[in-house]
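Open the model in your viewer and keep the selection box ready. The tour goes from strand pairing to rings, then to charges and the surface.

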Amino acid sequence: MLARSSASSRVAERRTALRYPLRLPVVFSWQDDAGRVHGCDGYCRDLGSRGIYVYAALVPPLGVSVEMNVFLPRPEHSVRPSEIHAIGRVVRSERPVAPSEICGFAAMNHTTRLRETRGQKMDSEESALEEIGLEGAEDDNERTTEE
């Protein structure tokens, strides 16, 4: 039996990390050539440690560096909400052909961090660690993956 090759199957074959089909809120931003910061919110279709696909009304240009926060559901036992903070590069950008279609983009992540959602009050020890770039170094509240 022969398997048909399609654009989506060729993309899937190049992936080296698992992608999880999750619909979660995402806020993202990027900087244009003139230095202006643009941003939008949307939701992810799937995500993994090395990449994410985001549906949104505004799509960053191909090749641009994009910063993203994916907001995770809060477990019942958790006091603070968590998020995945990622910085990546837009590797695919899809704009709608028809007005009823949704646009989106795929980004390959350079850094991925699991952290407590910003805006929450921290104690002085955590603040000091953050200032010198060692936040989460003394506990397991944050995980970082850099590629």
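Start with strand 4 and strand 5 (residues 82-94), which pair in the antiparallel sense over seven bridges. Bear in mind that this is a predicted model.

**Stop 1: across the strands**

Select Val 66. In strand 5, its bridge partner is Gly 88. Now look to the other side of the pairing list. Trp 30 has Val 66 as its bridge partner in strand 4. Strand 4 (residues 65-71) also pairs with strand 1, in the antiparallel sense and over five bridges.

Keep strand 4 in view and add Met 68 and Asn 109. Measure C-alpha to C-alpha in the viewer: the two are 9.5 Å apart in space and 41 residues apart in sequence. Asn 109 is found in strand 6. Is Asn 109 buried or exposed? Its relative accessible area is 4%, so Asn 109 is buried.

**Stop 2: the rings**

Next, show the aromatic side chains. How many aromatic pairs does a search of the whole structure find? The search finds four. Select Phe 28 and Phe 105. Their ring centres are 5.0 Å apart and their planes are at 65°, so this pair is edge-to-face. The pair links distant parts of the chain, with Phe 28 in strand 1 and Phe 105 in strand 6 (residues 104-116), 77 residues apart.

Switch on an accessibility colouring. Phe 28 is buried, with a relative accessible area of 2%. Phe 105 counts as buried too, at 0% relative accessibility.

Move to Tyr 43 and Tyr 55. These two form a tilted aromatic pair, 5.3 Å centre to centre with 50° between the planes. Tyr 43 lies in strand 2 (residues 37-47) and Tyr 55 in strand 3 (residues 51-56), so the pair ties together parts that are 12 residues apart in sequence. Tyr 55 counts as partly exposed, at 21% relative accessibility. The cut-off for buried is under 20%.

Go back to Phe 28 and Phe 105, and add Trp 30. Ring pairs link Phe 28, Trp 30 and Phe 105 into a cluster. Trp 30 is the residue you met at the first stop, as the bridge partner of Val 66.

**Stop 3: charges over rings**

Return to Tyr 43 and select Arg 23. The charged end of Arg 23 sits over the ring of Tyr 43, 3.6 Å from the ring centre. Then select Tyr 53 and Arg 45. Arg 45 lies over the face of Tyr 53, at 3.9 Å from the ring centre. Hold Arg 45 in the selection for the next stop.

**Stop 4: salt bridges**

The count of salt bridges comes to six. Select Asp 46. Its side chain meets that of Arg 19 in a salt bridge, 2.7 Å from N to O. This pair links distant parts of the chain: Asp 46 is in strand 2 and Arg 19 is in the loop between helix 1 and strand 1, 27 residues apart.

Asp 46 also forms a salt bridge with Arg 45, the closest N and O atoms being 3.1 Å apart. Show the three residues together: Arg 19, Arg 45 and Asp 46 are linked in a network of salt bridges.

Which of these are buried? Asp 46 is, with a relative accessible area of 11%. Arg 19 is partly exposed at 24%. Arg 45 counts as partly exposed at 32%.

Now jump to Arg 115 and Glu 83. They form a salt bridge, with the closest N and O atoms 2.7 Å apart. Arg 115 lies in strand 6 and Glu 83 in strand 5, so the pair ties together parts that are 32 residues apart in sequence. Arg 115 is buried, with a relative accessible area of 9%. Glu 83 is buried as well, at 2%.

**Stop 5: the surface**

Finish with a surface display. Select Leu 18, Tyr 20 and Leu 22. They make a nonpolar surface patch of about 320 Å². Where is Tyr 20 found? Tyr 20 is in the loop between helix 1 (7-14) and strand 1 (25-31). With a relative accessible area of 45%, Tyr 20 is partly exposed. Arg 19, from the salt-bridge stop, is in the loop between helix 1 and strand 1 too.

Notes. Residues numbered from 1 in each chain as written. Predicted model: local features only at pLDDT ≥ 70, side-chain atom pairs only at ≥ 80, totals over all residues. Heavy atoms only, no water. Patch = residues over 30% accessible without salt bridge, like charges linked within 9 Å, V, L, I, M, F, W, Y side chains within 5 Å. Areas by Shrake-Rupley, 256 points an atom, 1.4 Å probe, with all protein chains shown as cover. Salt bridge = Lys/Arg side-chain N within 4 Å of Asp/Glu carboxyl O. Helix = DSSP H or I, 4+ residues; strand = E, 2+ residues; numbered from the N terminus. Buried < 20%, exposed > 50% of the residue type's maximum accessible area, 1.4 Å probe, protein only. Phe/Tyr/Trp six-rings, centres within 6.5 Å; stacked < 30°, edge-to-face > 60°. Lys NZ or Arg CZ within 6 Å of the ring centre and 35° of its normal. Pairing = 2+ DSSP bridges.
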